[in-house]
Amino acid sequence: MASQSVTKVLSQDLESTLREDRVFPPPPEFAAAANIPSLEAYESLYARSIADPESFWAEAASELHWFEKWTKVLDWNLPNAKWFVDGKINLSYNCVDRHALSDRANKTAIIWEGEPYGSDGTSQIRKLTYAELHAEVQKFANALKSLGIKKGDRVAVYMGMTPELAIALLACARIGAIHSVIFGGFAANAIADRVNDSQCVAILTQDTSYRRGAQIQLKKTVDEALANTPSVQHVVVLKRSGAEVAMQQGRDHWWHDLVAKADPTCLAEPLDSEDPLYILYTSGTTGKPKGLVHTTGGYAVQTYLTTKYVFDLGNPNHPDDVYWCTADIGWVTGHSYVVYGPLQNGATVLMYEGAPNHPDFSRFWKIIDDHRVTIFYTAPTAIRAFIKWGNEHVEKHGLDSLRLLGTVGEPINPESWMWYRERVGQSRCPIVDTWWQTETGAIMIAPIPGAVPTKPGSATRPFFGIQPEVVTREGDPVPAGSGGLLVIRKPWPSMARTIYGDHERYQKTYWSDVPGCYFTGDGARKDADGYYWLMGRVDDVLNVSGHRLGTMEVESALVAHPKVAEAAVVGRPDDLKGQAVVAFVTLESAHNSAATTPEALAALKEELKKWVSKEIGSLARPEEIRFTDALPKTRSGKIMRRLLRELATHGTIQGDTTTLEDFQVIAKLRESEEG
Ligand code: PRX
C-alpha cells in the first residue's frame, strides 16, 4: 500500500468519536478473572501501599525466593536507597530455578521465532521449557566462569534477539557478573564508549543477526570497537547464521565450544540485595550516555510485581498465557519485561528476532495467531507504523487469542490508542499505557487492567507504592489540570542506584533540580480524576521512534566531522517517529555556502547523515540537515534551542517569514530573546 498520512487514515477509519473525557471501564469478563479484579481492590491496596510502603513491598518480596531474608526493608538517605538490606537473593534463581524445580518444569519458558523463512516457507522456531532453560543457563554460567569471569566483572552483550541473549543475562545474573547490554543497532564507537566507561572484561556477541531480510554484522562491528577497548579479554560468539567471521585466537571463543565443555551444574550465587545486576546506558541532556546501575533485590521485587499486576501474569486463571513484549533486550523494556519480570512470574515469553514488516506488513499479526499470543506489549511508534501500513494487514488475522494490550516508550496520541483498541484489541482487550524510564527500572504509572478504567492517551494512575506528583520548578504542586514537571517523592525498589563511576552526576541529574524529589525530565498533567497525562520531555532529550537520544550526542558526532564547525540538534514532531532529528550545522569556512556549490552542499548533507549513523548508529541519523552561517545564541553562548525547534517545526519563527539561515535575523532574535 502506498504510504499515507497516519492522521488521514485515522480520520477516515475510526468509527468512534474521540473525546478527551472518554473512559473505558475494564471489560467485566476480564476483571472477573484478573489478579486485581476491581477498582475498589486497586484503591484499597494503593492506599495501604502508600500508608506503609515498606510493609507493602516486604509482602511482595516474600513471594520470591531469598537465600537469606532482609533485616530492614529500606534504608533511605536521599539520594541513596538500599532496599531489602542484608537480604541474599539471585534473580537467575527466581527466573529459572524456582520454576524448573517445581511443577512448572515442563512449561514453555521461551518461544522464539527467527526472522527468515526457509525454503519450505516456514520460519525457525525454538521452544525452551523452564527445565531446558535451567540447563542452558547453568552451562553458559559455567562457560563464563571457565573464562575467569566472576562476580562484579562487567560483561558487555551485543547480540540480536536470540534465546541465547536471555540466557546470557540470566547466566551473568547467576554468578553475579554485571551485564551491560548494548543495543545491536549501535555503531562501533558507541560500543567502545560504553565498554570503556565500565571497563568490561568480555563481550558476548554473535556472527550476524537478521533484520528486515538483511544480515547485521555484529561480530564485525565488535571487532572494530575492539581496536579501542583494552579492558576486553574475551569475546564469545554465538553462531546464529553461520556467516563467516574472523576469530582471533585466544581472545575469541565460539559459544557452542564453551558450552560443550561446560559442567552442567552451576548453583546460583547468593547475592546481596544491593549487588549490581546490570548497567544500561541511556542518553541524557549533557555528555556521553550514562551507565545507570540497577541492583538485585529491589529490582527483582518491582519487576516481578508490576508484571504480575499490570500484565496480569502469573494468574492462576490464565496458566496458558503467551506473553509477547516486542522490545529489543537492548533497551530497558527488554530487560524488565522480556526477561526479568515475566520469567519471575513463570510466564511463557515469546521472543521474535526481526522486523515487523518482514517479509510483509502482517508479520506481527501472523505471529500472534500462530503462537496464540494473549498479551501483547509494544510501542506507540510501532502502532503508528501499523496504521500507516493499512488496516487490511490486521484484518487478515483472527487475533482472537489476545486478551490484553500494552504500550510503552512515548506518549500515545488518543487516535492511535483508539485504533489499537478497535483494530488489534477488537474492542475486547484493555490497554495498559505504561509510563516508566530506564532510571525507574520498572513501571511507575499504568492502569491495573481489571481495575482501573482507561482514558485514551493517559497512563492513568500510579502503581502501588509509587507517589508521582506534578510540580513547579520549586517543587510546589500545581492544581489539577495544570501542566508541570513530573517528580517522584519517595524512593521505590527498582530505582537506579547510581550512574556507573559518577555518583555526583547521579545526584545532580536526578535529585537536585526539584528540591527533595526525583525529577523525571518529563512534563505531565494530572486531571481531576487523578489520571496522569504525559507530555514529553522538558529537557534536551529526544524520543525518536521510542528510542531515547541526547541532542548533545548527535551534536558531538556532527562536530567530529572535519567539515563541521558547529551543530545544534532539535526534535521536530513527526507523524511516524514521534520526533525526528533536525540538525542545524555551520560549516568550516572552506566549505560554507558561499564557498561551495549547491550540489556539493546537497552531497554534504547526505555525507553528514551517513556520518552520524556510522558514529552512533542509524537510530540517530538526522532526518534533515540545515546549513546556517551561524547559530542563534544568548550572550553567554547558549544555543537558543527554542527558536530552532520552532523553526524546525513550523519553518518560521513567531510568524517571521525570514529564515533563520539569515544571520541578521538571528541577531535580531537574539536581541529580542535577551532583551
Ligand atoms: O519521556 C518518557 C518516555 O520515555 C522516557 C524514558 O525513556 P527510556 O528511559 O528509554 O525508557 C523507555 C521505556 C520505559 C520517559 O522519560 N515514556 C516512556 N513511557 C511513556 C513515555 N511517555 C509517555 N507515555 C509513556 N507510557
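1. Let's start with H371, which touches I111, E113, I125, V322 and L350, leaving aside residues up to four places away in sequence. H371 lies in helix 13, and with a relative accessible area of 10% it counts as buried, the cut-off being under 20%. Keep in mind as you look around that this is a predicted model.

2. Two of those contacts lead straight into the sheet. V322 belongs to strand 16, which covers residues 322-325, and L350 in strand 17 is the bridge partner of W324. So what joins strand 16 to strand 17, and how do they run? Three bridges do the joining, and the two strands run parallel; strand 17 takes in residues 348-352.

3. On its other pairing, strand 16 meets strand 18 (residues 375-378), again with three bridges and again parallel. Here Y323 stands opposite I375.

4. Are the residues of strand 16 buried or exposed? V322 and W324 sit on one side, Y323 and C325 on the other, and all are buried, leaving both faces of the strand covered. The general pattern behind this is that side chains in a regular strand alternate between the two faces of the sheet.

5. Zooming out, strand 16 is part of an open sheet of seven strands, with mixed pairing and the order 5-4-17-16-18-19-20. Strand 5 (123-129) and strand 20 (431-434) are at the edges; each has a single partner strand, so one side of each has no neighbour in the sheet. Direction ignored, neighbouring strands here are turned by 20° against each other on average.

6. Helix 12 is worth following next. Covering residues 332-344, it makes a right-handed β-α-β unit together with strand 16 and strand 17. Which strands does helix 12 lie across? They are strand 4 (108-117), strand 16, strand 17, strand 18 and strand 19 (404-408), and the helix runs at about 165° to strand 16.

7. Helix 12 also has a helical partner. Its axis and that of helix 11 (residues 297-310) come within 8 Å and cross at roughly 85°, so the two helices are roughly perpendicular to each other. From helix 11, the residues involved are Y299, A300, T303, Y304, T306 and T307, and they meet H335, S336, Y337, Y340, G341, P342 and Q344 in helix 12. Sorted by class, this contact of helix 11 with helix 12 has six nonpolar, seven polar and no charged residues.

8. Helix 11 packs against helix 4 (residues 53-61) as well, at an angle of about 80° and with the axes 9 Å apart. That makes helix 4 roughly perpendicular to helix 11. F56, W57, A60 and A61 in helix 4 meet V301, Q302, Y304 and L305 in helix 11. The contact of helix 4 with helix 11 comes out as seven nonpolar, one polar and no charged residues. If you're clicking through residues, try Y304: it is listed in the contact with helix 12 and in the one with helix 4.

9. Now for some backbone details. Most peptide bonds are trans, and most residues other than glycine have a negative phi. Against that background, have a look at the bond that joins L78 and P79: it is cis, with omega about 0°. P79 has its place in the loop between strand 1 (72-77) and strand 2 (80-85).

10. Another cis peptide bond runs from H358 to P359, with omega near 0°. Where does P359 lie? You'll find P359 in the loop between strand 17 and helix 13 (363-371), the helix that holds H371.

11. Just past that helix comes R372, in the loop between helix 13 and strand 18. R372 is not a glycine, yet its phi is positive, at about 55°. Its relative accessibility is 42%, so R372 counts as partly exposed.

12. T460 is another non-glycine residue with a positive phi, this one about 65°. T460 sits in the loop between strand 20 and strand 21 (468-471). Is T460 buried or exposed? Its relative accessibility is 0%, and T460 therefore counts as buried.

Conventions. Residues numbered from 1 in each chain as written. Predicted model: local features only at pLDDT ≥ 70, side-chain atom pairs only at ≥ 80, totals over all residues. Heavy atoms only, no water. Buried < 20%, exposed > 50% of the residue type's maximum accessible area, 1.4 Å probe, protein only. Helix = DSSP H or I, 4+ residues; strand = E, 2+ residues; numbered from the N terminus. Pairing = 2+ DSSP bridges. Right-handed = clockwise from strand over helix to strand, strands pointing away. Axes fitted to C-alpha atoms, helices over the stretch in contact; angles between N-to-C directions. Parallel < 35°, antiparallel > 145°, perpendicular 65-115°, else oblique. Contact = heavy atoms within 4.5 Å. Nonpolar A, V, L, I, M, F, W, Y, C, P; charged D, E, K, R; others polar.
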